[in-house]
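Q: Please take a close look at the salt bridges in this structure. I would like the overall setting first and then the individual pairs.

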Amino acid sequence: MKNYLLGFLLLSFSSFAQKPFGKINPMQPVDTLAASCGSCNFKMAKKGCYLAVQLKDIAYEVKGTGLDDHGDAHAEDGFCMAVRKARVQGKVENGFFVATYFELLK
């Protein structure tokens, strides 16, 4: 019985692991960018909490993946509380960073 309980607990914790969004395209560069909440940490004009990245000192809201797709935004190390690093692929379109790959780094 103890083994079942231990197995259940381990599976429960592993389900909270943050998984990358998308797949890396080997034909395009992968950048490491600052990632955080656009309004909380990058002081962007749009109200509310949303995922953003900084590219060449300009912050862009991210399309394709969201704030809560990468953990609790209000946890101690969450996007609303800290600026994190992420490996990303994508491009800027119409003032947004359209992500095709997004991996939050530890």
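What percentage of the residues of the protein chain count as buried, and which side chains pair in salt bridges?

A: In this predicted model, 28% of the 106 residues of the protein chain count as buried. The chain holds 1 helix and 6 strands, in the order α-β-β-β-β-β-β from the N terminus. Among contacts with a separation of 6 or more, 49% are between residues 24 or more positions apart. The exposed area is about 7300 Å², of which carbon and sulfur atoms supply 59%.

Side chains of opposite charge can pair when their charged atoms come close. Over the whole structure, the search finds 5 salt bridges. One of them joins Lys46 and Glu61, with 3.0 Å between the closest N and O atoms. Lys46 sits in the loop between strand S2 (31-37) and strand S3 (51-55), while Glu61 belongs to strand S4 (residues 58-63), 15 residues away. Lys46 is partly exposed at 42% relative accessible area, whereas Glu61 is buried at 11%.

Arg84 and Asp77 form another salt bridge, at 3.7 Å from N to O. Here the Arg84 side is buried, at 16%, and Asp77 is partly exposed, at 44%.

In a further pair, the closest N and O atoms of Arg87 and Glu103 are 3.1 Å apart. Arg87 is in strand S5 (residues 84-93) and Glu103 in strand S6 (residues 96-104), so this salt bridge ties together parts 16 residues apart in sequence. Arg87 is partly exposed, with 28% relative accessible area, and Glu103 is also partly exposed, with 21%. Finally, Lys46, Glu61 and Lys63 are joined into one network by salt bridges that share partners.

Key:
Residues are numbered from 1 along each chain as its sequence is written. This is a predicted model: local features need pLDDT of at least 70, side-chain atom pairs count only at pLDDT 80 or more; totals for chains, interfaces and linings use all residues. Side-chain values use heavy atoms; hydrogens and water are left out. Helices (H or I, at least four residues) and strands (E, at least two) are DSSP runs, numbered from the N terminus. Buried means under 20% relative accessible area, exposed over 50%, partly exposed in between (1.4 Å probe, protein chains only). Contact means heavy atoms within 4.5 Å. Accessible areas come from the Shrake-Rupley method with a 1.4 Å probe; for residues, only the protein chains shown count as cover. A salt bridge is a side-chain nitrogen of Lys or Arg within 4 Å of a carboxyl oxygen of Asp or Glu.
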